[in-house]
Amino acid sequence: MRRARPGAVSKGSRGSAERALTSVAAGDAYEELSGETADAVGEPTGVAEEGPRLWHITLSVSGAEAPLAEVRRGLEQLAHDHPFLLTSRYAVDHAEIRYWEEARDLHDAAAVALRLWGEHRQTSQLPPWEIVGLEVIDRQTYHHRIAEGYGPLPATPVGVHPF
C-alpha cells in the first residue's frame, strides 16, 4: 500500500485529479497580535501595523563608457516607461537615478530598486552597467535631512540631466 498526504495527486495521474484546498484556523496567538506589530521576541508592541510606506531611492550605476546620447536616450525611455522616476543624472560611464518607491518595508523597497536596472536594461536600451550604490531611506528621514540642510538635495529639476 502506498501512502500519500490527503489531496495529493499521484505522479501517473498528474493534472487529472483536483486537489482540495482547506483552511487552517489562525489560533489565539494570531488574534492577539492582529492589528499590532511584534518585537523580535514576538511580544506585541502596541503599535498598529502600517500599510505601505514611501521610500526615497537613490540608485547608482557604473560601467564602461557609452555614448552620452545613448545614455540619455535610455534614461529618458526609462523615465517615460516608469513615470515614478524623479530625476536621473548621467555621464558617459555612470548614472544616478532617484525616485520614490512605495513598499511595506526597507527590504521590499531595496529588492525592487535592485531589480530596476537589470529588468529594464533591454526595453529601455540602457548600458550594460552594474549597480554600484543604493540608498534607501524612509520619507521621514528624507525630509529630516532636507530640513537640516544635509543629505540628498531635493530631486529638482525633475527629468534627465547630465552631471
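This report covers the nonpolar core, helix 3 and the aromatic pairs of a predicted model.

## Basis

Residues are numbered from 1 along each chain as its sequence is written. In this predicted model local features need pLDDT of at least 70, side-chain atom pairs count only at pLDDT 80 or more, and totals for chains, interfaces and linings use all residues, while side-chain values use heavy atoms, with hydrogens and water left out.

## Nonpolar core

The largest nonpolar core (buried Ala, Val, Leu, Ile, Met, Phe, Trp, Tyr and Cys residues joined through side-chain atoms within 4.5 Å) has 23 residues. Those touching the most other members are I57, L75, I97, Y99, W117 and W129. Two or more residues each come from strand 1 (53-62), helix 2 (68-81), strand 2 (85-90), strand 3 (94-103) and helix 3 (106-120). Helix 3 gives the largest share, five residues. Helices (H or I, at least four residues) and strands (E, at least two) are DSSP runs, numbered from the N terminus.

## Helix 3

The 15 residues of helix 3 should span 21 Å at 1.5 Å a residue (1.5 Å times one less than the number of residues), and the end C-alpha atoms are 21 Å apart, which agrees. At the N-terminal end, D105 acts as a cap, with a side-chain oxygen 3.2 Å from the backbone nitrogen of H107.

Buried residues of helix 3 are A109, A110, A113, L116, W117 and H120; buried means under 20% relative accessible area, exposed over 50%, and partly exposed in between (1.4 Å probe, protein chains only). Their cover includes strand 1, helix 2, strand 2, strand 3 and strand 4 (130-138), where contact means heavy atoms within 4.5 Å. L114, also in helix 3, is partly exposed at a relative accessible area of 45%. Not counting residues up to four places away in sequence, L114 touches I131 and L134. The C-alpha atoms of L114 and G133 are 9.6 Å apart, at a separation of 19 residues along the chain.

## Aromatic pairs

The whole structure holds two aromatic pairs. Rings of Phe, Tyr and Trp (its six-membered ring) pair if their centres lie within 6.5 Å; planes under 30 degrees apart count as stacked, over 60 as edge-to-face and the rest as tilted. W100 and Y142 have ring centres 5.0 Å apart and planes at 80°, so this pair is edge-to-face. W100 lies in strand 3 and Y142 in helix 4 (residues 139-148), so the pair ties together parts 42 residues apart in sequence. W100 is partly exposed at 22%, whereas Y142 is buried at 7% relative accessibility.

The rings of W117 and W129 are stacked, because their centres are 6.2 Å apart and their planes are at 5°. W117 belongs to helix 3 and W129 to the loop between helix 3 and strand 4, so parts twelve residues apart in sequence are tied together. W117 is buried at 1% relative accessibility, and W129 is buried at 2%.

Notes
A polar contact is a pair of N or O atoms within 3.5 Å; within protein, one must be able to donate a hydrogen and the other to accept it, and residues adjacent in sequence count only if both atoms are side-chain atoms.
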